[in-house]
Amino acid sequence: MCEFCLKHGEGKKWYLQANNYSDELLSDIRRRRMIEEFFTNSDQITRGIENLNRLDKTPKFIKSMIARIITGRQKKIHFGQVIPIEEVEKIFGFVASIARVACFCRHFTLKQEKRYCYGVSLSPDGGRLAEIFRGLDNSFLTGPDLSGMESLSKEEALSAFREHEREGLCHTVWTFQSPFIGGICNCDRSDCLAMRCTVTQSIPVMFRAEFIAEVDPDLCVGCRQCMRVCQFGAIVYSAANKKVAIDHRRCYGCGICRSMCKENAIRLNDRNKVPAVANLW
Ligand code: SF4
Ligand code: SF4
């Protein structure tokens, strides 16, 4: 269990606790302001991109100090966790509304509208979260309807997530002033700032999944399709036996490799049952 499960999930998976999605948490004015600021303060994200680029030249020991400060702060404000698609399905099983919106990161990094982010709520009409969104001056939320939010059924949303998975995108759940969970995103390390921060700069702003991937060497034919999509560089190919294996210390347990494997050679195991990485988040 990650530290959020202990803190916000009473020892169970925190992102499967319905109360972490509740409208009551949005009655906190500071949380509402934080969300408004998050989606409207474009200077903040521009500065974030510049700072990330600058970190490339920062000495290692300074970077590790910066990492501790940023990770600690983000855990309170906006922190994520990688989740495989079966966990997304469980969340879609208890929320009452799902709205697809444009990705804030890609609006800045690609200068394109990419509808990779999903707001979730326990209220059928999107509740207070939708209310906040509708009140924002968020020009990046262009799209099929006036408010920029596209309401999807659970089946439609799940099928969209399967499509994102085929694109090699990794599912992540996000807090807005923890523990309130407002959305599930589909990330890659080239365009998503949180993934760049976590993977490229080693400044974690998301936990690994509660799972870890394993390859069955008897089924693997060494096609390397799984390697192509792993955002975390966790799959290694052995030229000697012409098969791949998972580097558990790098694996985030997203399961994207599994969906690319036509031989069904990859499965996800419970992280807690793999002693070497049970406490690696
Ligand atoms: S996609 Fe499957 S068969 Fe191909 S290398 Fe990866 S694990 Fe092996
Ligand atoms: S090895 Fe598979 S499950 Fe692990 S991080 Fe890479 S794509 Fe995700």
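In the predicted model, serine 202, just after helix H9, takes a positive phi of about 55°. The helix that precedes this residue is mostly covered, six of its eight residues being buried. The buried positions of H9 are Ala194, Met195, Arg196, Cys197, Thr198 and Val199. Their cover includes contributions from helix H3 (42–55) and from three strands, namely S1 (80–82), S6 (181–187) and S7 (206–207).

Helix H9 also takes part in the contact between domains. The domain assignment divides the chain into domain 1, residues 3–207, and domain 2, residues 211–273. A distance of 26 Å separates the C-alpha centres of domain 1 and domain 2. Contact between them involves 12 residues of domain 1 and 11 residues of domain 2. On the side of domain 1 that touches domain 2, at least two residues each are supplied by helix H8 (154–166), strand S5 (170–175) and helix H9 (193–200). By residue class, this side of domain 1 comprises six nonpolar, two polar and four charged residues.

The largest nonpolar core contains 71 residues, of which Cys226, Cys230 and Cys257 touch the most other members. This core lies between domain 1 (3–207) and domain 2 (211–273), because both domains give residues to it. With residues up to four places away in sequence set aside, cysteine 226 touches Ile235, Val244, Cys257, Met260, Cys261 and Ile266.

Cysteine 226 is likewise found beside a ligand. Ligand 1 is surrounded by 14 residues, the closest being Cys220, Cys223, Cys226, Cys261 and Ala265. The shell around ligand 1 divides into 10 nonpolar, two polar and two charged residues. Around ligand 2 there are 13 residues, and those that come nearest are Ala213, Cys230, Cys251, Cys254 and Cys257. The shell of ligand 2 consists of 11 nonpolar and two polar residues, with no charged residue. Cys230 and Cys257, both listed among the nearest residues to ligand 2, are also among the residues that touch the most other members of the largest nonpolar core.

A further cysteine was examined in the N-terminal part of the chain. Cysteine 5 is placed in helix H1, which covers residues 3–8. Cysteine 5 counts as buried because it has 20 C-beta neighbours inside 10 Å. Beyond its neighbours within four places in sequence, cysteine 5 is in contact with Gly11, Lys12, Lys13 and Trp14. The C-alpha atom of cysteine 5 is separated by 32 Å from that of phenylalanine 108, a residue 103 places away along the chain.

At the level of the whole chain, the secondary structure consists of 11 helices and 11 strands. The C-alpha trace spans about 60 × 45 × 40 Å along its principal axes. The radius of gyration of the chain is 19 Å, which agrees with the value near 19 Å for a compact globule, given its 281 residues. Of these 281 residues, 38% count as buried. Among contacts between residues at least 6 apart in sequence, 69% join residues at least 24 apart.

Terms used. Residues numbered from 1 in each chain as written. Chains lettered and ligands numbered in written order. Predicted model: local features only at pLDDT ≥ 70, side-chain atom pairs only at ≥ 80, totals over all residues. Domains from an automatic or database assignment. Contact = placed C-beta atoms within 7 Å. Helix = DSSP H or I, 4+ residues; strand = E, 2+ residues; numbered from the N terminus. Nonpolar A, V, L, I, M, F, W, Y, C, P; charged D, E, K, R; others polar. Near = placed C-beta within 6 Å. Core = buried A, V, L, I, M, F, W, Y, C linked by C-beta atoms within 7 Å. Buried ≥ 20, exposed ≤ 12 C-beta atoms within 10 Å, placed from the backbone. Rg over C-alpha atoms; globule rule 2.2 N^0.38 Å.
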